[in-house]
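This report is meant for a reader who is meeting the structure for the first time. Please keep the sequence and the model at hand while reading about salt bridges and about one interface between chains.

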Amino acid sequence: MADETTASTLDRRKFLTVLGATTGGGALALSGCSTGKVEKLVPYLVQSEDQIPGLATWYASTCTECSTGCGVHVRTREGRPVKLEGNPEHPVNRGKLCSRGQAALQGLYNPGRVKGPMARNPDGSFQAITWDDAIARLAAKLGEAGSRVAVISGAGRGTFSDLLGDWTAALGGRLVRHETFDREPERAANRQVFGSDQLPLYDLGKARYIVSFGADFLDTWGAPLEQARGFAAAHGFEGGQVAKLVYAAPRMDLTGLNADQWLPIKPGSEAALALAMAQVLVSERGGQPAGLAGALAAYTPALAAEETGVPAATIERLAREFAAARPSLALAGGVAAQHAGATEVCAAVNILNFVAGNIGETVRFGAELPAADGHAALAGLARSMNAGEVGVVLVHDANPVYTQPRATGFADAFRKVGYKVSTSLYLDETAALCDLLLPQHHALERWDDLRPRAGVYSLMQPVLEPVFDTLPAGDILLRVSQKAGGALARFNAPSYEAHLKSRWQALAGELGESDFAAFWHGALQRGGVYREPPAAGAVSLALENAQASYTRPALGGEGEFTFLTYPHPMLYDGRGANKPWLLEIADPVTKISWHSWVEVGPGAARRLDVRDGEILELSTPQGTVEAPVFVYPGIRDDVVAMPLGLGHTAYGAFAEGRGVNPLDLLAAPSGEYVPYLSTRVAVRKTGRYRKLASVAGVARQLGRGIAESIPLAAAQKGLTVEQAYIEAGLGHHEVNTERELEAVHGWAEEQHEATQYGNYEGENPQWAMAIDLAKCTGCNACVTACYAENNIPTVGEEQVLKGREMTWLRIERYWEGGEEPGEPVSARFVPMLCQHCANAPCEPVCPVYAAYHTPDGLNGQVYNRCVGTRYCANNCPYKVRYFNWYKYNERAWPAPLHLQLNPDVTVRARGVMEKCTFCIQRIRGAQNQARLEDRPIRDGEFTTACAQACPSDCIVFGNVRDPSSRVARLAQNPRGYRVLEDLNVRPAITYLAKVLLPAEA
Amino acid sequence: MALPLRSRRVPGLLASFVHVDAAADAIRALRARGHRNLVVYTAAPNHEIEEALDHSVSPVRLVTLIGGLTGCAAGFGMTLWMSYDWPVLVGGKPIGSIPPYVVIAFELTILLGALSTVAAVALFSVLMGKRGIAYDPKFSDDQIGVFVPAGGDQAGAVEQMLRSAGAVEVRREAA
Amino acid sequence: MAVVAPPPVGHGDGHAITQTHADVTRDVVATLSAPSRGYVLLLLGSAAVFLMGLLTFLILVIDGLGHAGYQPPIFWSVYITTFVFWVGIGHAGTLISAILFLFRSPWRTAVYRSTEVMTVFAVMTAALFPIIHIGRQWIFYWLLPYPNQRYLWPNFKSPLIWDVFAISTYFTVSATFLVFGLVPDVAAVRDKVTGWRKTVYGLASVGWQGTDNQWRHYSRAYLYLAALATPLVLSVHSVVSWDFAVSIVPGWHGTIFAPYFVAGAIYSGIGMVLTLIIPLRRALRIEHMITPEYHFDNLAKLTLLTGSILFYAYGMEYFVAWYSGNMFEQTTFYRRAFGPYWWAGWTMIICNAFVSQLLWFRKVRTNLTALFIISIFINVGMWFERFVIIVSSLSNDYVPWAWDQLNPSWADWGILAGSFGWFGMWFLLFAKTFPIVAIQEIKEMIPMPRKRGGHH
Amino acid sequence: MRTLAIVLGGAGGLAILLAFGDPGPEAQQTAAVPDSIAAPVISDTGALQGPRQPLFFRHDIHAGQFKIQCQYCHYSVAVSPEPGIPSMQTCMGCHLVIAGSDSASRTEIRKLRQAWTEKKPIEWVRVHFVPRHAHFPHQRHVKAMGPNACATCHGDVARMPQVFKVNNVTNMGFCITCHVERNVSRDCSVCHY
């Protein structure tokens, strides 16, 4: 066992191998035969002072999975990271972390990583070489190329990208900082309207009314965690208020599903709507500001109604509400709305925000958000490549060959470059074309920093020995410089770490910190240095530039459908496609995992006569793709949509050949950015069919009150869901009869009596949970956290097809309305996990007491006692028990992925039942600690993985027997209800009903 | 070939009958003459013969009763004891809850009842059965056998009587 | 010494047996003569099918239950279905051999041995399934209350433990009952055969000679065994039904389950009896012992009775679902008839409720071809009844998000077929080794010749 | 098999008596730090109990004769679920200077130093372990039982030239007996999760 662990490429001296050994240990342990084998205890040579075997050590670092730059805490055991959580001190994400960020762990231990420097042989194959050799080769090539050097870098703003900049400059080469979704239209619009191409921060928390013009601010646009936090504050019935969210877009994405009203406007007509609203506002306050009145005059609600398909009356009402609620907030710039007129849209929205007086209130400039060079720069580089003006290209932290639409011809241009070098950790599409692979360290393996916004200096530190034979990109540059000399000679820092430190010394100076040691130590502890963000920079409307304009975007291609593509909520631009978690945890909107799909509106589906799973062929002049249909009520009937992120031709075993890449359908961009909505598609039925790897059963509640809601008025009056129903004249809603209540009471006494025996004597805590559906956005962060914390195996596509995914915590997405055409459709999200019932039906049916009730009120599951009769799962009304049909424990974590396993949690073997444990390992850990310190456990001292991760803090965990605990208070909340309460299983989870705004007049 | 084998052979006369009433008559006559420990062979139970022999009721029933009661007690005993030996709370039900345990007790009642019954028969009729009595395969087919343990002196008289009663065959069995 | 032929004697309903004890012995012992080629082929066939099942089982053990078509939330499917099916089959045997014995109904004598054999082997087959279907088959014995170093005991509140006790008791008792009844007959065979077979049957007959003393205890004991087996047969399927009835699953959670299951069990059992003895009596040339006009007519009447009880139960289930006003029950039963499993639902209703009604006609009851076909319908129908109850109920319980449908795989069918092979194998072996017709009980019905003639 | 079940079941009571005859852990508590023991000179190491270790480390000399506290080497036992295996550095801390009194110890210490210089940690053969599905927090047991804690499970290591298993700590029964005797929780989820 121990040897299995150390057999990995990790330096065995770094492990106390006895401990790390959960891999397959589950299997062994469960069959109880681990006694037979000889185990080795391999001691450290030198005990690292910050590691105590058996206890977690936390390091602060920074997430590099996207450009937001969130702070993370890395939980390490015996010197290897086992979980990523948000850094509570970090101003961007305040202790939360999204699925993509948490999955960085699977990037670190990814089997598809490049194991060391490699060079391409004449025959095209790669051959491992030494670093010295690699450095020498690159240095030589740079020498030859002179200034004909280009660098494409996706590195976030920070010491490294500065170094890279200087380094490239020293060579006389050109640096293209590339970000897949670079928000060019927003910056252009800001330049036009406010004369500054800065990106603002949006303070959703303050907003009382939010209109999003296709900006998916909860998931794939801007700083999702920060915005989700704000949205929860504004929309989560805090202080009895719910800020209305209106979502205007042809398709509902996660943000749309959380909207109180969806305006399914015609593709590309956002600007018309925004301008019309502004026009109403301006005209209603007597044509002030005058400059705008003229500019807006043309854009009447009537015109907008015509363009968008939204009734003029609605638009006017919208405008008035928007003006009335102050401050309000309008958002634009979502990738899915990035069409030919995208800049106009952002400009229009800027004007709208301006006239509504939101600038400086909810729209705060001055954060100095980092920006890349935009698509134009990359296109320019491509041209030079074609022209043969580039001798050596170095690609860092970017995969343009995949993320650029095929029509741009970037790949061909790239191929033309004489010598192509990649520092990618994985053999992605770009690296696959390169001649030299210089795999850099993973962010968790290296020293580095990021400056995600003004006042935030976020630090990264190595938290484990490198998993493979890689180098920090900084050191590659430095060593190449020393080798090549010449103009590069001045980059003579002994190591990148030293370089970084020197820069931070300078920083300490700037910040007026005299004691660098303390400064540095503090920064390491807190994950960086966080200064007050500068006051919102005053921006004024550059009137002469504010040419409000709207032109209906022209679409290329033929066919009856407009083609819309959008970033995959889990895989983003495709960078997540090599991480099993992100592939298996279903897309929060469609609930489909592992493969591509094409969304078709119900009406269109009827017209085309297609059902879920029927494979459609979509073709444009640029290309053709095939994908199964998902009939999606949240999309216009004249639009079909596909997620980005799949259809990789390289990028490791998990990603390769999985799904299709809709970028192949897009036309070559003409302007400053890639228009993701730019073409029509012709749709053809292939007559073939495939089952969707969907985790959804029946997505309707059938009146079973699983995800309850309550009208705002009723909630403000403090009514219970029950009372609200009755008030609304829905008396038929199940009410407990006297007899039922009697029975419940009887049960309670039974319980009391039954808890007088053996372990059940005395006062024990009663662990419980509260989940506020008014705040839950269905974003999946909790699900990923659960996978990470509890060693949940990913079972793969064909098992998901059999409904065998192991999501201890799943998010059910129920549709409301939308059953007959015209009726508005909306979604309800409800996180469903083991309810830890007091009268759990699963317990008495287990023949061997593997499922039983613990003294502290948990519904225990003893894996090693379980014989696998599966009766408990049958008898669970919530269907939250999961069975190991195969040896998932041996399949799910191909080395070195198994190093991510949490040593505190048994890996379940084949043939046993498993389910949510309320993170019992954390409970026991806290109890052990409290016992050592002779004190009771404090409320909030620890929490479950899901509650820790939830960006909108909708999950609260604690001891309900302690009246002062948060969960105890929430359990008393009038909005509280228990799912399927009438079954009298008495769940330990209290759901707080979602608060609904009054339906539209 | 009948088990149990090889034991001292009992001297006497073995008569075979075809007619059931003849056999019954013979039995009555013999018992009237004071022959008590007759052995009568039939292929199937026959009430005429039973009447003639006029046995007391088999004690098997007592054993069955005891077995059954033991099973019942064992059932409740085991379930309750094991529940309280390591009390585990499931589904908010009392640690030792009688209703479900009735099932176990019932099954064990039946089981031990049945097993003890069979054991009793084995004990009384096979193990405790008489040894070394002459036997003839015909008896398991279509004839009735009557064995009269009788010494040489009185053998003649008995044989005479059996034949007169209608025995189709009478065999003398020497020791 | 000539045997005087007895006068024909009545069974009370005019049906006569014109045989002597000697004929009975002869005919029955004849059934044990050297096997025909057909028999051997049949035996090998079922053995082969069994081996196939065994192989499937090994794959399940080595690689995991995943090979079967389980599709959560359907955590029980074909295996439990087949388990209940086989347990049910058993019941007819005990009913005929024990209950009808207590009721002194004469027609059982000729058939009860074969039905009892069926019972024992059916239960033996059923007993395999709790082991086959669990996730970690190699520790199935953890369900047994045996002292262990962990100081752990099973949970007697779990219906699955009730099953363990019910099934094993049922197997033990019915096996005992069979062997017990067999002893005198084996003795009879012993006295007819020669050579090594004599030795074997001699040992098997454990010293039975049919002495007055032996009969005295024997008859009593037999009566008590019958008396014990009678409540047992009623309890066993009730317990099995509680596997479902005590659960919370809509469609399982029904108070009528126990009687409903018992009736169904006997119904299916008799179906299987017919399927078995119609060919058997011909194969063993004992047509004159088991006759349509008498034995089959009675069996058919029993079938009709239990079939009608089922009919009622089906109706009742729907009525209760509707009348309860319970949303979940209603959905379940609506979908049972019109949901994804409508085909299974209707198969069960047609095969069980409707087909059995044909037996109102004596013509059908006494027509072996018709009976045989009907019996096949019954077997199929009753398997589907369990399939519907288990699978369709699980496929749509409380949380719609979790609903899903099942698609059984080769592993499901492999085990199902294997169980038939296993059962057939044992039944065939028995039929050629031991008297499949009860010698001594038939003799008991045939008056012995009398010197004075007539009755007394 | 199933018949056997019933027989066992039926004979439950009796069987239980048989099963619960033995009291549990043989090794009873001994003084925390025994009075200095003169560690014997061992001629034939082959005769010693317990698995043979790559390096003949003698607990009886270190913990017995020189009365070094267990926690000096097993540094994390009081704070962590894991007792901690002394790093090579810990050994060298003393053995940089201590070269051994007799030839036997000298050879072993030479092994140690060699391992240190070659940066090859010594791979001890593990003697005690609980299955991986059971969590045994050392710190809580040390806290609860004080200085006697170690001996309760590991036996009087201070008198063992070569460590061997005194109690079958792999058996759940061993844990349970102790938990029952001391009347502490035997709730399954205390150890199994």
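A salt bridge is here a side-chain nitrogen of Lys or Arg within 4 Å of a carboxyl oxygen of Asp or Glu. The model is a predicted one, in which local features need pLDDT of at least 70 and side-chain atom pairs count only at pLDDT 80 or more, while totals for chains, interfaces and linings use all residues. Residues are numbered from 1 along each chain as its sequence is written, chains are lettered from A and ligands numbered from 1 in the order in which they are written, and side-chain values use heavy atoms, with hydrogens and water left out.

**Salt bridges**

Side chains of opposite charge can pair when their charged atoms come close. A search over all chains of the whole structure finds 80 salt bridges, and four of the pairs are set out in the table.

| Salt bridge | Closest N and O atoms |
|---|---|
| D:K143 and A:D934 | 2.8 Å |
| A:K879 and C:D397 | 2.7 Å |
| A:D573 and A:R575 | 2.9 Å |
| C:E317 and C:R336 | 3.4 Å |

The salt bridge of D:K143 with A:D934 joins two chains, because D:K143 lies in helix α7 (residues 138-145) of chain D and A:D934 in the loop between α32 (920-932) and α33 (945-949) of chain A. Helices are DSSP runs of H or I with at least four residues, and strands are runs of E with at least two, numbered from the N terminus. For accessibility, buried means under 20% relative accessible area, exposed over 50%, and partly exposed in between, with a 1.4 Å probe and protein chains only. On this scale D:K143 is partly exposed at 32%, whereas A:D934 is exposed at 57%.

Within chain A, A:D573 counts as buried because its relative accessibility is 6%, and its partner A:R575 counts as partly exposed at 24%. In chain C, the pair of C:E317 and C:R336 links distant parts of the chain, with C:E317 in helix α9 (residues 292-324), C:R336 in helix α10, and their positions 19 residues apart; both C:E317 and C:R336 are buried. Chain B holds a network of salt bridges that links B:D136, B:K138, B:E169, B:R171 and B:E173.

**Where chain C meets chain A**

The size of an interface is often given as the accessible area lost when the parts come together. Buried area is the accessible area (1.4 Å probe) that two parts lose on being put together, summed over both, and for chain C and chain A this comes to about 4,700 Å², with 58% of it on carbon and sulfur atoms. On the side of chain C, the residues that lose the most area to chain A are C:F75, C:R136 and C:W401, which together make up 21% of what that side buries. Counting contacts (heavy atoms within 4.5 Å), 53 residues of chain C touch 61 residues of chain A.

The count of salt bridges between chain C and chain A is 1, and A:K879 forms a salt bridge with C:D397. A polar contact is a pair of N or O atoms within 3.5 Å, where within protein one must be able to donate a hydrogen and the other to accept it, and residues adjacent in sequence count only if both atoms are side-chain atoms; across this interface, 37 residue pairs are in polar contact, both residues at pLDDT 80 or more. The elements of chain C that give two or more residues to the side touching chain A are α2 (37-63), α5 (159-190), α7 (212-245) and α10 (327-338), and α2(C) gives the most, with 4 residues.
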